[in-house]
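Trainee: I am new to this structure. Could you take me through it and show me how each label is earned?

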Amino acid sequence: MAKFKLKWNSDKIVSLSAMSISVLTLIIFIYQTNLMSKQNYLSILPYVQISTSEDKAKNTFSLDIKNHGVGPAIIESVIIYYKGEKHDLREYDNYLYNYLKSEMPVLDSVTFFSSSTLDRGIAIPANSNYNVFKVLESERDYDLLTKSIGELLRNGLRYEITYRSIQDERWIIHSNSEGPQKLD
């Protein structure tokens with residue numbers, strides 16, 4: 001049996017060193033790419049909450065959707081549950097205020113307010129608010145709205161908002177959740 005003898009010279013040492021450095025560089029590159037992918041994923045994570053604000057002194061009531069995350073939240077659907085029935089907000093031209101008026105016709109007399117749609121595809125930028133509706137500087141309208149919403153909530157009004165990130169990850173928030181829940 002012939003014995004294989006490796007002769008080391010400077011060319012072989014330099015070649016072996018270059019190959020070792022190349023393999024090590026490839027491993028580091030793969031690791032860094034994985035880290036960048038995770039960082040990118042976390043850098044576009046929307047975190048949506050519903051917020052109400054009341055100022056009795058100024059007779060102002062506001063309902064907002066807040067995105068406390070670091071990426072845009074894109075609305076997919078808004079569902080309202082009331083008295084055992086499920087209502088898609090699209091049935092009310094995507095205006096929450098239209099739905100509230102359908103359940104409490106007295107709200108039709110509110111005059112000092114602004115209202116926005118919750119259309120599918122609306123993007124709420126990171127660290128911003130999206131005003132759904134607001135009653136401004138009218139004691140009568142403020143009292144009417146706060147009493148009506150209070151009654152609806154006591155009678156079981158609930159909501160469910162499904163939204164997604166720009167990477168198509170989906171979340172849902174609902175009236176009794178402590179925060180967004182990831183779907184899928």
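Mentor: Gladly; we will go through helix α3, some loop residues, a strand residue and a surface patch. This is a predicted model, in which local features need pLDDT of at least 70, side-chain atom pairs count only at pLDDT 80 or more, and totals for chains, interfaces and linings use all residues. Residues are numbered from 1 along each chain as its sequence is written, and side-chain values use heavy atoms, with hydrogens and water left out.

Trainee: How do you know that the span of helix α3 agrees with its 16 residues?

Mentor: Helices are DSSP runs of H or I with at least four residues, strands are runs of E with at least two, and both are numbered from the N terminus. The expected span is 1.5 Å times one less than the number of residues. For α3, residues 139–154, that gives 22 Å, and the end C-alpha atoms are 22 Å apart, so the two agree.

Trainee: Which residues of α3 are buried, and what covers them?

Mentor: Buried means under 20% relative accessible area, exposed means over 50%, and partly exposed is in between, with a 1.4 Å probe and protein chains only. In α3 the buried residues are Asp-141, Tyr-142, Leu-144, Leu-145, Thr-146, Ser-148, Ile-149, Gly-150 and Leu-152. Their cover includes strands β1 (48–55), β2 (60–67), β3 (73–82) and β7 (128–135), along with helix α2 (96–103). Just after α3 comes Gly-156, with a positive phi of about 100°.

Trainee: What makes the phi of Asn-94 worth pointing out?

Mentor: Most residues other than glycine have a negative phi. Asn-94 is not a glycine, yet its phi is positive, near 65°. Asn-94 sits in the loop between β4 (85–88) and α2. Glu-137, also not a glycine, has a positive phi of about 45°, and its place is the loop between β7 and α3.

Trainee: Why are Asn-94 and Glu-137 called buried or exposed?

Mentor: Asn-94 has 12% relative accessibility, so it counts as buried. Glu-137 has 68%, so it counts as exposed.

Trainee: What is Asn-94 in contact with, leaving aside neighbours within four places in sequence?

Mentor: Contact means heavy atoms within 4.5 Å. By that rule Asn-94 is in contact with Leu-89, Ser-116, Thr-117, Leu-118 and Asp-119. Asn-94 and Asp-119 are 25 residues apart in sequence, while their C-alpha atoms are 5.5 Å apart in space.

Trainee: What makes the pairing of Thr-117 and Asp-119 a polar contact?

Mentor: A polar contact is a pair of N or O atoms within 3.5 Å; within protein, one must be able to donate a hydrogen and the other to accept it, and residues adjacent in sequence count only if both atoms are side-chain atoms. The side chains of Thr-117 and Asp-119 make such a contact at 2.9 Å. Thr-117 lies in the loop between β5 (113–115) and β6 (123–124), and its 16% relative accessibility is why it counts as buried.

Trainee: Why is Ser-116 called partly exposed?

Mentor: Its relative accessibility is 22%, so Ser-116 counts as partly exposed. Ser-116 lies in the loop between β5 and β6. A polar atom of the Ser-116 side chain is 3.0 Å from the backbone oxygen of Asn-131. The C-alpha atoms of Ser-116 and Val-132 are separated by 5.0 Å, though these residues are 16 apart along the chain.

Trainee: How do you know that Glu-76 is buried, and what joins its side chain to Arg-164?

Mentor: Glu-76, in strand β3, has 14% relative accessibility and therefore counts as buried. A polar contact of 3.5 Å joins its side chain to that of Arg-164.

Trainee: What makes Trp-8, Ile-13, Leu-16 and Met-19 a patch?

Mentor: Patches are made of residues with over 30% relative accessible area and no salt bridge (a side-chain nitrogen of Lys or Arg within 4 Å of a carboxyl oxygen of Asp or Glu). Like charges are joined within 9 Å, and nonpolar side chains (Val, Leu, Ile, Met, Phe, Trp, Tyr) within 5 Å. These four residues form a nonpolar surface patch with about 440 Å² of accessible area together, by the Shrake-Rupley method with a 1.4 Å probe, where only the protein chains shown count as cover for residues. Trp-8 lies in the segment before α1 (10–42), and at 53% relative accessibility it counts as exposed.
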